[in-house]
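Work through the two exercises below with the sequence and the structure at hand. Each solution goes step by step.

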Amino acid sequence: MILGVLGSDKLVTPTNALLTEVFTGVKPDKVVILAEEQPKADVTGLRDVLSVFGLNPEVSVKVLGTGVKAWRDGLRDVELDLADVTPGRKYMAYAVLAYSRARDVRYVYLKEESKGYHMFGYVPFDEVTVYDMRTGEEVPFDPPRTRGDFPRKSSLTPEGLTSLVNLYSLLGKVEVSTEPDPGVKEDIYEEGERLCKTRAGFLRFREEEEIRKLAESSYFIADTNVYINLGSRISRLVWANRSFRLLPSRSVYRELSAKTESTQKDEFPVKFHLGMQAFRALHPKLPEVDRRFGDIALLHEVKALKSDFPENIVLITGDKGLVNAARSQGVKSVHLSKLVERDDGDWGEYISCMRFFANVKVTVDGREVAVVRRTTDVKPYTEVEAVDLDFNYPKLVEKLEEFLGRKRED
């Protein structure tokens, strides 16, 4: 069976199209990527991803050039049984539909197109519809089994964990539960659970909407507690006018560095490591380390920046005392203080965080399929153990992240 997918300058989109077809029951013997030009990435790595399902297709690229005529003429010599026209340019999809000899042509519809650049599985499958473009009918999902001889353990990023939970949802009702570890005090577990729910968005500050509105006309400096409590989720609040509006603070980076490098005992040390992970993820170009840190140093830094930026500089903090001090010195601030519950949080962020406080179990229709053991290792990846090797989707996600280059050593 020959499957064709359209090439794109983003490797993730043809990969997602291919895997979507595999999750509708397609088992290709050959995969042909139809492209305007030769991709820069080595696409043969797709074979390693597909090996999880026991598939070993030939993977090749067919360069057709640019323009409708080039594609019309080039497609005459391309043998295809099924083509997925989701990635690429619109004219490429039209050319395949009109001029290819493929018996079936399919398109994957996403409710929110912007989510298409995330890895396969990240978008919940109730937001994804596969259409047969020849008949107009919907194509149902048919999640494939995996080979049983792959290792049980895989290491995943938070994004990969979110994809994993969504992939399991194709098998039935997914539930994520935690089991407190005897080595963690009850009050630390409760504080950790509240922190993880906040970082994942199951708990959100009412004032987050204020940040979104201010982002249209302001830049922000975030206090240490913001990186700890919101994590990378703050990035969704501070994007505006096609720019990232959160500036890295030298004093905050100094405080996080001091706390994460300290050997002194702390009842809740992992929160600073989580804050540092968020800081480094949000600010790839790290600031110079300031000798000073704390509220006074942060306020001096914000006031100095006000003279350099024509737009407002707004301080974000969860510290009421700092808010009062800032306002008394003419510094605009947003005080994160009131939490509300939400049901649309990010399971990957939640699991990645909760591994420090509890064992985490993932079940499908009450049947355990994967587990994350509690750890004190602050590496940025979460080790997941597949319980059901017939659906070793953690290994699929791990291989997919490696292929797409989503994982890096920190």
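A disulfide is a pair of cysteine sulfur atoms within 2.5 Å. The model used here is predicted.

**Exercise 1.** Find which cysteines form a disulfide, and state the handedness of the bond.

Solution.
1. Begin with the count: the structure holds one disulfide.
2. Next, identify the partners. Cys196 is joined to Cys353, with an S to S distance of 2.1 Å, which meets the cut-off of 2.5 Å.
3. Place both partners in the chain. Cys196 belongs to helix H6 (residues 186–200) and Cys353 to helix H13 (residues 347–354). The two cysteines are 157 residues apart, so the pair links distant parts of the chain.
4. Read the torsion about the S-S bond of Cys196 and Cys353. The value is about -75°, so the disulfide is left-handed.
5. Check the surroundings: are Cys196 and Cys353 buried or exposed? Both Cys196 and Cys353 are buried.

**Exercise 2.** Describe the largest cavity by its volume, its lining residues and the kinds of residue in that lining.

Solution.
1. Search the whole structure for cavities of 30 Å³ or more; one is found.
2. Take the volume: the largest cavity holds about 40 Å³ of space.
3. List the lining of the largest cavity: Leu161, Leu164, Val165, Ile351, Val362, Ala370, Val371, Val372 and Val384.
4. Assign elements. Helix H5 (158–168) and strand E19 (367–372) are the elements that give two or more residues to this lining.
5. Sort the lining residues by kind: nine are nonpolar, none is polar and none is charged.

Methods
Residues numbered from 1 in each chain as written. Predicted model: local features only at pLDDT ≥ 70, side-chain atom pairs only at ≥ 80, totals over all residues. Heavy atoms only, no water. 1 Å grid on protein atoms, 1.4 Å probe; cavity = no way out; pocket = protein on both sides within 12 Å on 5 of 7 lines; lining within 4 Å. Points joined across faces, edges and corners; volume = space filled by probe spheres on them. Helix = DSSP H or I, 4+ residues; strand = E, 2+ residues; numbered from the N terminus. Nonpolar A, V, L, I, M, F, W, Y, C, P; charged D, E, K, R; others polar. Buried < 20%, exposed > 50% of the residue type's maximum accessible area, 1.4 Å probe, protein only.
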